[in-house]
Amino acid sequence: MAISLTEAAARHVTKYLARRGKGLGVRLGVKTTGCSGLAYKLEYVDEAAPEDIVFEEHGVKVLVDPKSLAYIDGTQLDFVREGLNEGFKFINPNERDRCGCGESFRV
């Protein structure tokens, strides 16, 4: 079981946490929503919850709750720039389908 980050994602998180002046890392999870059923949720965190599973890569901690890990195990978090847009991209080997708007996915 693992969650990984590309160097670009780690740089972006590190830069944001430094600008914020605090933070432990990012929390990656899923929530039920959208036309395909699940959506990623990503937030900066200041402390870990007791049940969190912690992964670390390129000096950045990614915290995941055990329920979400079943859906996102093996996911790589990347940070990409496409034209004028930039943001996190989730490369999840468990995804079977993604809705047309790109907001939700199904495993």
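When I say that two strands pair, I mean that DSSP finds at least two bridges between them, and with that settled I can turn to the structure, which is a predicted model.

Let me start with strand 6 and strand 7, the latter covering residues 85-91, which pair in the antiparallel sense over seven bridges. Within that pairing Phe79 stands opposite Phe88 in strand 7, and the rings of Phe79 and Phe88 also form an aromatic pair, edge-to-face, with 5.2 Å from centre to centre and 75 degrees between the planes. That is one of three aromatic pairs that the structure holds. Are these two residues buried or exposed? Phe79 counts as buried, because its relative accessibility is 10% and the cut-off for buried is under 20%, whereas Phe88, with a relative accessible area of 23%, is partly exposed. The two strands form a hairpin with two residues between them, and Gly83 in the turn has a positive phi of about 65 degrees. Strand 6 also pairs with strand 1, residues 4-5, this time in the parallel sense and over two bridges, with Gln76 as the bridge partner of Ser4.

Now to strand 5, residues 60-64, where four of the five residues are buried, so that the strand is largely enclosed by the rest of the structure. Which strands pair with strand 5? Strand 2, residues 25-33, does so in the parallel sense over three bridges, and there Arg27 stands opposite Leu63. Strand 4, residues 53-57, runs antiparallel to strand 5 and is joined to it by five bridges, with Phe55 standing opposite Val62. Strand 4 and strand 5 form a hairpin with two residues between the strands, and in the loop between them lies His58, whose phi is positive, at about 55 degrees, although His58 is not a glycine. With a relative accessible area of 43%, His58 is partly exposed.

Next, the interior. The largest nonpolar core has 20 residues, and those with the most contacts inside it are Ile3, Leu5, Leu28, Tyr40, Val62, Val64 and Ile72. At least two residues of this core come from each of helix 1, strand 2, strand 3, strand 5, helix 2 and strand 6, and helix 1 gives the most, with four. As a general point, nonpolar side chains in soluble globular proteins tend to be buried together. To take one core residue in detail, Leu28, once its neighbours within four places in sequence are left aside, is in contact with a set of residues that includes Ile3, Tyr40, Val62, Val64, Ile72 and Phe90.

Finally, helix 1 itself, which has 14 residues and reaches 20 Å from its first C-alpha to its last, close to the 20 Å expected at 1.5 Å a residue. Its buried residues are Ala9, Ala10, His12, Val13 and Leu17. Why do I say that they line one face of the helix? Seen down the axis of helix 1, the buried residues fall within an arc of 165 degrees, so they line one face. The background is that an α-helix has 3.6 residues a turn, so residues three or four places apart point the same way. On the other side of helix 1, Glu7, Arg11, Ala18 and Arg19 are exposed, and just after the helix Gly21 takes a positive phi of about 85 degrees.

Terms used. Residues numbered from 1 in each chain as written. Predicted model: local features only at pLDDT ≥ 70, side-chain atom pairs only at ≥ 80, totals over all residues. Heavy atoms only, no water. Buried < 20%, exposed > 50% of the residue type's maximum accessible area, 1.4 Å probe, protein only. Core = buried A, V, L, I, M, F, W, Y, C linked by side-chain atoms within 4.5 Å. Contact = heavy atoms within 4.5 Å. Phe/Tyr/Trp six-rings, centres within 6.5 Å; stacked < 30°, edge-to-face > 60°. Expected span 1.5 Å × (residues − 1). Arc of directions from axis to C-beta.
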